[in-house]
Amino acid sequence: MPLSPAPISPLLSLHYLSRDTGPPHAAPAALGAVRFGRTASPTSVLEIATPVLGQTGDVLELWQTDQPVRTGTQGLLHYAMTDEVLFGAICIPDTDSDVGHYPGGGYDPLRPSLLQQASEQVYLAVFAALESLGYPHLLRVWNYFSGINTDTCGMERYLQFNIGRQDAFRKMARPFLADAPAACALGTHSGGLQVYFLAAKVPPLAIENPRQVSAYFYPDQYGPRTPSFSRAALATLSGQCWLFISGTASIVGHQSVHAGDVRAQTEETLRNIAVLLAQANRAADTRDWTLAALQYKVYVRHAADFEAVRSVLDAHLPPAAVRVYVQADVCRADLLMEIEATGCLPVPMAGV
Ligand code: 3EB
């Protein structure tokens, strides 16, 4: 399905562009642009090696604004900011070399893997930059790295990442339980640890899913440190209300459900998203958060499952709702797909 650009919102807007869609209607300044495709350049945070499904060419995720933009770098971190919102990106290039490194025995946290060290380093750098630039509140974080389900140094790499991430939140006295940012964490084919994010001067409102145990309270069967993210975040930016729905998968309680059944996983994921919309409506005292108000990025583990996932989404989502599909590994080996969603309503909301 060709992508149709969402209505231009001058202050901040999100577009998923592909060869099929052409350029956006207007050409406001880019705050950030992230390319999803077959390859990553080894050092670029903004080229993510997750092949696009169902379309030719790459997909460009473009964050735009018509506000004045200032850009800069701080160490490895690149940023662009308006008066209200900051887009940042950071990459630690060489974490892929943990793959294939098996010293034998269990993981030794006192000899952290390159990925654990990189994860902590990235988040420490992000928090330091946000403090010094005056945008202290993380709204949404996108995390990508290779071999997410691979065991190296005696532990699955996603769990190594969770240790480094949570350690950084703790060291910087950041909320890593309630009030953690919305996020996702996906496996790429190459490219080191690549993280991009949006931050603001005012804190978002974190939203949880009553059907799911909060990720930051997952039991320790899922690793020594819990993942530091909220299920969704609501934020008012320039008088518009943004909803960032984290990567959402076929998890009920804390357990993956429908192992091996990608259609049932997709339906369960949509039930979780529907509940998050209801929670967002309750929090913002509105009924305007609907499936039609969102744009979707869909991660499919096996390219062969793409048509099945797409047909379930086509049956449930309004045709005009933009969705892009990429092939990526999901953070639990039994999850076959994951969906993130982002939306903007043109009005501020009570209490947000
Ligand atoms: C889950 O619900 C699926 O580690 O940042 C979803 C969203 C998932 C974010 C993260 C992980 C993350 O646990 C995985």
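In the classification used here, Ala, Val, Leu, Ile, Met, Phe, Trp, Tyr, Cys and Pro count as nonpolar, Asp, Glu, Lys and Arg count as charged, and the others, Gly among them, count as polar. In this predicted model, the shell of residues around the ligand divides on that basis into nine nonpolar, one polar and three charged.

The shell holds 13 residues, and those that come nearest to the ligand are Tyr158, Arg165, Tyr218, Arg231 and Cys331. Because Tyr and Cys count as nonpolar and Arg counts as charged, Tyr158, Tyr218 and Cys331 belong to the nonpolar group of the shell, whereas Arg165 and Arg231 belong to the charged group. Two elements, α2 (157-171) and β12 (182-188), each contribute at least two residues to the shell. The largest share comes from β12, which provides three residues.

Polar contacts to the ligand were computed for several of these side chains. In Tyr158, an N or O atom of the side chain is 2.5 Å from an oxygen atom of the ligand. For Tyr218, the distance between a polar side-chain atom and a ligand oxygen is 2.6 Å. The side chain of Arg165 likewise has an N or O atom 2.7 Å from an oxygen atom of the ligand. On its own the ligand has 360 Å² of accessible area, of which the protein covers 99%.

The site of the ligand is the second largest pocket. This pocket contains about 300 Å³ of space. Its lining is made up of 23 residues, and Tyr158, Tyr218, Phe229, Cys331 and Arg332 lie nearest the centre of the pocket. Two or more lining residues come from each of α2, β12 and β16 (240-248). Of the elements, α2 gives the most to this lining, with four residues. By residue class, the lining of the second largest pocket consists of 13 nonpolar, five polar and five charged residues. Tyr158, Tyr218 and Cys331 are thus named both among the residues that come nearest to the ligand and among those nearest the centre of the pocket.

Enclosed spaces were also examined. Two cavities of 30 Å³ or more were counted. The second largest cavity has a volume of about 30 Å³, and its lining is formed by Leu11, Leu12, Thr82, Val85, Leu237 and Ser238. These lining residues divide into four nonpolar and two polar, with no charged residue. Since Leu and Val count as nonpolar, the nonpolar part of this lining is Leu11, Leu12, Val85 and Leu237, and the polar part is Thr82 and Ser238.

Technical notes:
Residues are numbered from 1 along each chain as its sequence is written. This is a predicted model: local features need pLDDT of at least 70, side-chain atom pairs count only at pLDDT 80 or more; totals for chains, interfaces and linings use all residues. Side-chain values use heavy atoms; hydrogens and water are left out. A residue is near a molecule or strand if one of its heavy atoms lies within 4 Å of it. A polar contact is a pair of N or O atoms within 3.5 Å; within protein, one must be able to donate a hydrogen and the other to accept it, and residues adjacent in sequence count only if both atoms are side-chain atoms. Accessible areas come from the Shrake-Rupley method with a 1.4 Å probe; for residues, only the protein chains shown count as cover. On a 1 Å grid over the protein atoms alone, a cavity is a set of points where a 1.4 Å probe fits but cannot get out, and a pocket is an open set with protein on both sides within 12 Å along at least five of seven lines; lining residues have an atom within 4 Å of a point. A molecule sits in a cavity or pocket if more than half of its atoms lie within 2 Å of its grid points. Grid points are joined across faces, edges and corners, and a volume is the space filled by probe spheres set on the points.
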